[in-house]
Amino acid sequence: MQKNKFVIFGNPIEHSKSPQMHNAAFKHLNLNNTYETYLLEDGNTLKDVFISENIKASNITLPFKEFAYIQADEVKGIANEIKACNTFINENGKVLAYNTDAPGFMKAIEDFDDIKTVLLIGAGGTAKAIAIALKDKNIDVTVINRSKEKLEFFKNNGFKTFLSDNFRLEAYDLIINSTSVGLKDEKYPIAMLKLENLFLNSRYAFDCIYGKETPFLKLAKQENLMVKDGEDMLLYQGVLALELFIGKTIDKETIEVMRKALKQ
Ligand code: NDP
């Protein structure tokens with residue numbers, strides 16, 4: 001059986017859970033492939049390395065998603081709006097690029113019904129994919145951030161944007177934390193009182209952080225919201241990437257194998 005090489009490019013990259021997730025799926029599907037981390041020093045070399053190392057397909061993570069978008073021979077689908085890609089496919093030497101973070105997020109919130117308005121806290125790379133994915137489904141998104149620089153992308157794409165300290169509270173169906181606050185600390189992404197007020201008028205809360213219950217999610221639970229952490233988002237960006245890697249739909253059993261591998 002042919003052995004194909006898959007990698008995830010990033011820097012730093014040793015923490016990535018993608019190899020364990022994809023290798024478990026390859027094993028389960030009896031595919032004789034390898035998936036490894038690739039520590040890239042210079043984003044400008046991304047496509048050259050991808051081609052010269054004879055890589056069949058790859059994921060791309062921080063800080064190289066914008067490099068992937070720029071260097072691809074052809075950018076597919078929603079990645080054209082996000083202007084960042086997390087998946088490369090080598091199609092006979094032509095580099096096709098996709099963004100599976102956005103549809104992965106939509107899949108993760110599938111159980112949240114009738115979402116019309118969203119407050120997105122944070123304006124980093126993850127927020128871009130989420131905001132564009134929601135906008136594509138005609139959902140009204142307001143983006144707030146601690147500082148103004150990163151809000152520029154959202155302003156240019158027609159989103160309502162505010163500084164976190166400087167916005168009027170309204171009711172939103174879903175509140176999302178896409179900041180890194182709560183990952184390595186026990187803090188809230190915005191003032192706790194404001195958050196409490198927002199939760200009183202919302203139905204759902206989503207935190208992109210996974211592997212721990214953040215203060216943001218704890219508070220949302222106390223206010224009886226339906227909550228979700230970032231595990232499914234991570235899982236489904238991987239599932240959708242794997243579908244592109246092997247050109248097949250991934251069955252539920254394989255998805256559960258991938259989920260289990262993520263937790264190891
Ligand atoms: P970025 O570095 O691109 O953006 C970080 C964001 O957090 C910025 O908006 C930044 O605001 C904000 N922020 C950082 N520190 C603070 C603070 N002390 N107070 C308020 N805001 C703050 O990160 P990403 O978008 O890539 O990742 C964001 C989170 O999403 C991370 O926790 C990451 O672990 C998680 N993630 C989850 C994924 C999943 O699949 N579940 C995938 C990728 C990421 P400012 O502009 O002011 O600096």
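In this predicted model, the side chain of Asn 99 reaches the backbone nitrogen of Ala 102 at a distance of 3.0 Å. A polar atom of that side chain also lies 3.0 Å from the backbone oxygen of Ala 84, so that Asn 99 is linked by polar contacts to Ala 84 and to Ala 102. Asn 99 itself is placed in the loop between β6 (94–98) and α5 (101–108), and with a relative accessibility of 6% the residue counts as buried. When residues up to four places away in sequence are set aside, Asn 99 touches Ile 78, Ala 79, Ile 82, Ala 84, Asn 86 and Ala 129.

The helix that follows this loop, α5, is mostly covered, with six of its eight residues buried. The buried residues of α5 are Asp 101, Ala 102, Gly 104, Phe 105, Met 106 and Ala 108, and two of these take part in polar contacts described here, Ala 102 through its backbone nitrogen with Asn 99 and Ala 108 through its backbone oxygen with Lys 228. In the latter case the backbone oxygen of Ala 108 lies 2.8 Å from a polar atom of the Lys 228 side chain. Lys 228 is found in strand β12, which covers residues 226–228, and despite its charged side chain this lysine is buried, with a relative accessible area of 18%. Apart from neighbours within four places in sequence, Lys 228 is in contact with Ala 108, Phe 112, Ala 205, Phe 206, Asp 207 and Leu 217.

The ligand is surrounded by 21 residues, of which Ala 123, Asn 145, Arg 146, Ser 147 and Cys 208 come nearest. By class, this shell comprises nine nonpolar, ten polar and two charged residues. Polar contacts between ligand and protein involve both backbone and side-chain atoms: an oxygen atom of the ligand is 2.5 Å from an N or O atom in the side chain of Ser 147, whereas a polar backbone atom of Ala 123 is 2.9 Å from a ligand oxygen, and a polar backbone atom of Ser 180 is 3.5 Å from a ligand oxygen. Taken alone, the ligand exposes 930 Å², and the protein buries 77% of that area. The elements that give two or more residues to the shell are α6 (125–136) and α10 (231–246).

Cys 208, one of the residues that come nearest to the ligand, was also considered in a search for disulfides, and that search, made over the whole structure, finds zero. The sulfur of Cys 85 has its closest cysteine sulfur in Cys 208, at 19 Å, which is too far for a bond. Cys 208 is likewise in no disulfide, since the nearest cysteine sulfur, that of Cys 85, is 19 Å away, whereas a disulfide requires a pair of sulfur atoms within 2.5 Å. Both cysteines are nevertheless buried, Cys 85 with a relative accessible area of 0% and Cys 208 with a relative accessibility of 15%.

Several features of the backbone deserve separate mention. Most residues other than glycine have a negative phi, and most peptide bonds are trans. Against this background, the peptide bond from Asn 11 to Pro 12 is cis, with omega near 5°, and Pro 12 is found in the loop between β1 (5–10) and α1 (18–28). A cis peptide bond is also present from Leu 62 to Pro 63, with omega near -5°, and Pro 63 is found in the loop between β3 (57–60) and α3 (65–71).

Positive phi values occur at Asn 30, where the angle is about 60° although the residue is not a glycine, and at Lys 83, where phi is near 65°. Asn 30 is found in the loop between α1 and β2 (34–39) and counts as exposed at 59% relative accessibility. Lys 83, by contrast, is partly exposed, with a relative accessible area of 42%, and lies in the loop between α4 (79–82) and β5 (87–91).

An exposed position is also found at Leu 200, which has a relative accessible area of 60% and is placed in helix α8 (residues 192–200). The C-alpha atoms of Leu 200 and Asn 224, which are 24 residues apart along the chain, are separated by 8.8 Å.

Methods:
Residues numbered from 1 in each chain as written. Predicted model: local features only at pLDDT ≥ 70, side-chain atom pairs only at ≥ 80, totals over all residues. Heavy atoms only, no water. Buried < 20%, exposed > 50% of the residue type's maximum accessible area, 1.4 Å probe, protein only. Helix = DSSP H or I, 4+ residues; strand = E, 2+ residues; numbered from the N terminus. Polar contact = N/O pair within 3.5 Å; in protein donor to acceptor, adjacent residues only side chain to side chain. Contact = heavy atoms within 4.5 Å. Near = heavy atom within 4 Å. Areas by Shrake-Rupley, 256 points an atom, 1.4 Å probe, with all protein chains shown as cover.
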